[in-house]
Amino acid sequence: MRYPSGKTHLYAILAHPVAHVRAPEFMNPLIEKAGRDGFLVPFHILPEDIERFVPTLTAIRNLKGLVVTIPHKPAMRRLCAEVGDAGRLTGTVNTVRIEQDGRLVGDMFDGLGLVEGAKANGMDPRDRSVLIVGCGGAGRAIAFAVAQAGASRLVLANRTNARAETLADEVAAHFPELDVSSGSADGRGHDLIVQATSLGLHATDKLPMDPDTLEAGSNLFDIIAVRDTELMAEAQARGLSVVGGRPMIDHQVAAQIAFLDAPKLAGE
Ligand SMILES: NC(=O)c1ccc[n+]([C@@H]2O[C@H](COP(=O)([O-])OP(=O)(O)OC[C@H]3O[C@@H](n4cnc5c(N)ncnc54)[C@H](OP(=O)(O)O)[C@@H]3O)[C@@H](O)[C@H]2O)c1
């Protein structure tokens, strides 16, 4: 393992709670593999502290970026001086570059991770009908990214239906050409089904949708990354192409590393 030096660009992942955070484990080896001199460490920050704490961080001159997770993503969007397309559309930011002059430049990479991970697995959403089950933070980012990636139809399903309705209205406002609606978690007629609820993290969780609505020849992308879910097994048994959440992380992290832009390691 490589240790940070005085030349290393440091990055902090801000989270609450923090004990479960695995980004340093994923990101540090990939930063090194990309030949970059950067190092990510976890910081435990409470929501009530974030707005006063983040502006003071720019005084640490070798702290060059922030990665943020639940529940800090909307607050971080408000703290950024400049925000990329996905950050503006979703109103959330999960990666921030601290510029030389202290300006915070942020963007949201969750949705990009899903779309690039899907493309890499033969599940390009362009001109396809897509069902997203789960409209929490991740589902929201994915909905805008799938719309931007050129899906022809998008149906949003969520346990709390009002959340799916609101999101469908927001996506429709930004993508007037897209056929987007809220609906039920019914896989029939969709080319790609994205499972974006937190169900499946544990073997005892109920299924997020009726597997009998999954049609052979369709595709399931389940964003749960820590284990293969029961829904994935049900889909596989019914002849769907299935992928779990790891490619979403890998593609997201690659894009975050490029965005954070640490200096090249000596010899690279
Ligand atoms: N692979 C990746 O790169 C990646 C990235 C981000 C997140 N994730 C995974 O995605 C999951 C969701 O993340 P998030 O940030 O969107 O979380 P979140 O904002 O807390 O949203 C949770 C979602 O799950 C739904 N849900 C929770 N319990 C449910 C239940 N018992 N029945 C039906 N629906 C239920 C919620 O519905 P309601 O709105 O009705 O509460 C909501 O849609 C996390 O577990 C995380 O592991 C993976």
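This passage describes how several helices pack, what surrounds the ligand, and where some unusual backbone features lie in a predicted model.

Helix packing is a good place to begin. Two packed helices are described by the angle between their axes and the distance between the axes. Helix α5, which covers residues 110–120, packs with helix α6, residues 137–148, at an angle of about 60°. The axes of this pair are 7 Å apart. Angles under 35 degrees count as roughly parallel and those from 65 to 115 as roughly perpendicular, and α5 and α6 are therefore oblique to each other. In this crossing, which is right-handed, α5 passes α6. On the α5 side, the contact is made by D110, G111, L112, L114 and V115. Their partners on α6 are A138, A141, I142, A145 and V146. Sorted by class, the contact of α5 with α6 has eight nonpolar residues, joined by one polar and one charged residue.

Helix α5 also packs with helix α9, which spans residues 246–260. Here the axes come within 7 Å and cross at roughly 120°. That angle makes α5 oblique to α9. The crossing in which α5 passes α9 is right-handed. From α5, the residues in contact are D110, L112, G113, L114, E116, G117 and A120. From α9, they are P247, M248, H251, Q252 and A255. By class, the contact of α5 with α9 has six nonpolar, four polar and two charged residues. Readers following along in the structure may like to find D110, L112 and L114, which are listed in the contact of α5 with α6 and also in the contact of α5 with α9.

Helix α9 has a further partner in α1, and the axes of these two helices come within 10 Å. They cross at roughly 55°, which makes α1 oblique to α9. Once again the crossing is described by its hand: α1 passes α9 in a right-handed crossing. Four residues of α1, namely F26, M27, L30 and I31, meet R246, I249, V253, Q256, I257 and L260 of α9. The residues of this contact of α1 with α9 divide into eight nonpolar, one polar and one charged.

The ligand comes next. There are 22 residues around the ligand, and those that come nearest are A138, N158, T160, R163 and I223. Of these, A138 has already appeared on the α6 side of the contact with α5. A polar backbone atom of A138 is 2.8 Å from an oxygen atom of the ligand. For C135, a polar backbone atom is 3.2 Å from an oxygen atom of the ligand. With R159 the side chain takes part: one of its polar side-chain atoms lies 2.9 Å from an oxygen atom of the ligand.

Finally, some features of the backbone deserve a look. The peptide bond from H16 to P17 is cis, with omega near 0°. P17 sits in the loop between β1 (9–15) and α1 (23–33). Another cis peptide bond joins I70 and P71, where omega is about 0°. P71 is found in the loop between β3 (63–68) and α3 (73–79). At D127, a residue other than glycine, phi has a positive value near 60°. D127 has its place in the loop between α5 and β7 (129–133).

Definitions and conventions
Residues are numbered from 1 along each chain as its sequence is written. This is a predicted model: local features need pLDDT of at least 70, side-chain atom pairs count only at pLDDT 80 or more; totals for chains, interfaces and linings use all residues. Side-chain values use heavy atoms; hydrogens and water are left out. Axes are lines fitted to C-alpha atoms, for helices over the stretch in contact, and angles run from 0 to 180 degrees between N-to-C directions. Angles under 35 degrees count as roughly parallel, over 145 as roughly antiparallel, 65 to 115 as roughly perpendicular and the rest as oblique. A crossing is left-handed if the near helix is turned anticlockwise from the far one by less than a right angle, and right-handed if clockwise. Contact means heavy atoms within 4.5 Å. Ala, Val, Leu, Ile, Met, Phe, Trp, Tyr, Cys and Pro count as nonpolar, Asp, Glu, Lys and Arg as charged, and the others, Gly among them, as polar. A residue is near a molecule or strand if one of its heavy atoms lies within 4 Å of it. A polar contact is a pair of N or O atoms within 3.5 Å; within protein, one must be able to donate a hydrogen and the other to accept it, and residues adjacent in sequence count only if both atoms are side-chain atoms.
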